[in-house]
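Trainee: Can we go through the charged side chains in this one? I'd like to start with a partner in a pair.

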Amino acid sequence: MSKLFNNVIGKNWFTKVLSLAFALLLFSYAYDPNESSTDVNVPGDSETVILEDIPVTAYYDTENVVVTGIPKTVTVTLRGPTVHIQQAKLKKDFEVYVNLANANLGSKTVPLQIKNLSDKIRATIDPETIKVTVKEKVTQEFNVEAEFSSNAIAKGYAAGTPKIEPKTVKVTGAKDEIEKIAYVKANVNLDGNTNEAVSQQAKVSVLDGSLNKLNVQVEPEIVEVNIPVKRTSKTVPINIVEQGKPQDGITIDSITLDTKEATITGPEDVLKDVESTRVEVDLSKIEKDEELTLPVIISNGVTSVDPELVKVTVKVTAAQQEQEKEQKEDEQENQDSEEAATTEKTETRTLSNVPITIIGLNSDLEATITKPKSSSTSLRISGEQNRVRELSVSDFNLYIDLTGMDDGEHEVPIKVNGPDNIDWELATNTASVSITNKEA
C-alpha cells in the first residue's frame, strides 16, 4: 500500500493538481467582491487594507454631560501580515473609540484610539484627532403648545382651545441649548376646510427664538392633541327698516325682499345676542314702483354676512290710485265685516334656524347642503293666535328628497311637514346640494 501511495504522489500531474487546488482555496479566502474596502498588495506576506465607515464609540459620563463633535464613522487603514489583515477585515471585531470619561467641561482636541486589534497590525485612523465640546447636561420640563394653521379651519367655524396629553414634556440637552428654548410645540396637520373636532398624534419640536430646531432629546416625543372646532355662524331674518317719509301723493303699498334671511359669522359670544340683520329703505326717494339692490346691515362684532346684498321690491300707489284703492278697500271691508266679526283672531310669526334633513340618498353616496350654508332656514307660520304661539321649531320637519339622484350639484325643493290648520311660508324654497361618491 505504501508503495502504491509513493507512486501516486510521485507523479508530476498529481503535484500540479494539488497546487492548483491550494491556489483556488487561497483565492476564495482572500477575495470578497462585496467588501467596501480597497486592498493594496505588498511584497511578501504583508498587506494593506482601507476600511471605510467604521463606527466611533464614545466613552463619557452620559448622565451628567453632553458631548458634541464626535463623528459617526471614520476611515481606518490596516497594515500587517495578510492572515491577520484578512481576519480583521472580515470580522471587524476591533473598536475605534474616544475616551472622555474624565474630560472637563469645555472644548478640546482629543485623539481617536483603536482596541481589540492584533498587535501585529498597524492602524491609522482618519481623522486621527477630533475637536469635541463637553457641556453640562440638563433636564427640564416644558409646557407643550399646539401649532396648526388657522387658515385650514372652514369658513364659519373657529378652533377652540387645544387639549394636549401629556401637557408637559421633559427636555434633555446641553445647558446652553436648554437656555435657548423659546417654543415647545406639537405640530398638527389639518386638512383644508376643517369643520369638526380634530384628534391627532403630533411630534414635539423644540425651537429657539428664531424658530431654529435645537439639538435636544424630548420625552415623550409624541403627544395626543385634541382641537375642538365650533360653528361661528347662524342664520337670522332680514328685517326691513323704513327711513324717511314718502313724498306727497305717494303711498307705500309693500316692500318685499328676494331673500328673507342671512347667515352671519362672528365670535360665539357676539352671535348669541344677534337675532336679526336689517335692510334700510329710504322712502323719501321712492316715486314709483322700484327694485333696489341694498346692503344687509350687521351688528358690531359680526365679521361677515351672506348675502351681502339683497334685492328690495317697492310697490307704491300715487294719489289718484290711492283714492281708487281706498274705495275698493271700503267696499271689501263692508262686504266682509260680518264675516270678520265672527272670524277668530289670527297671528303670524317667524321660526328661525329650522333644520333641513336629507332623505332618500343612495347608501353609496354622501350629500352636503351648500346653500343655505347653515343647513337650516326660517319658516313664517300663521294661524289661530293661541295655536301659533304654542308652536316651536320641533313641530315642523323640513326635508329634501334625494331619491334617484347621482353625484353632482343639484337644486332641490325644500318640503315641509307641519301641524294641521297652520299656514307656512319658507324663507327660501330650494336648497343647493353637493352629492359625491363615498369611495372618492
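Mentor: Start with E145. E145 is partly exposed, at 47% relative accessible area. Keep in mind that the model is predicted.

Trainee: Which side chain does E145 meet in a salt bridge?

Mentor: K185, at 3.2 Å from N to O. The two sit in distant parts of the chain, 40 residues apart. E145 is in strand 10 (residues 145-147) and K185 in strand 14 (residues 183-187).

Trainee: Is K185 buried or exposed?

Mentor: K185 counts as buried, at 12% relative accessibility.

Trainee: What about E177 and K180?

Mentor: Their side chains form a salt bridge, 3.1 Å from N to O. E177 is buried at 14% relative accessibility. K180 is partly exposed at 42%.

Trainee: Which residues do shared partners join into one network?

Mentor: E145, E147 and K185.

Trainee: How many salt bridges does the count come to?

Mentor: The count is 10. Among them is E95 with K115, with the closest N and O atoms 3.5 Å apart. That pair also links distant parts of the chain: E95 lies in strand 5 (residues 95-99), K115 in strand 7 (residues 113-115). K115 is partly exposed, at 32%.

Trainee: New topic. Why does E47 have no salt bridge?

Mentor: The nearest side chain of opposite charge, K89, is 5.4 Å away, and the cut-off is 4 Å, so the pair does not qualify. E47 is buried all the same.

Trainee: What does the E47 side chain make a polar contact with?

Mentor: The side chain of Q86, at 2.8 Å. E47 itself is in strand 2 (residues 46-59).

Notes. Residues are numbered from 1 along each chain as its sequence is written. This is a predicted model: local features need pLDDT of at least 70, side-chain atom pairs count only at pLDDT 80 or more; totals for chains, interfaces and linings use all residues. Side-chain values use heavy atoms; hydrogens and water are left out. Helices (H or I, at least four residues) and strands (E, at least two) are DSSP runs, numbered from the N terminus. Buried means under 20% relative accessible area, exposed over 50%, partly exposed in between (1.4 Å probe, protein chains only). Lys and Arg count as positive and Asp and Glu as negative; His and the chain ends are not counted. A polar contact is a pair of N or O atoms within 3.5 Å; within protein, one must be able to donate a hydrogen and the other to accept it, and residues adjacent in sequence count only if both atoms are side-chain atoms.
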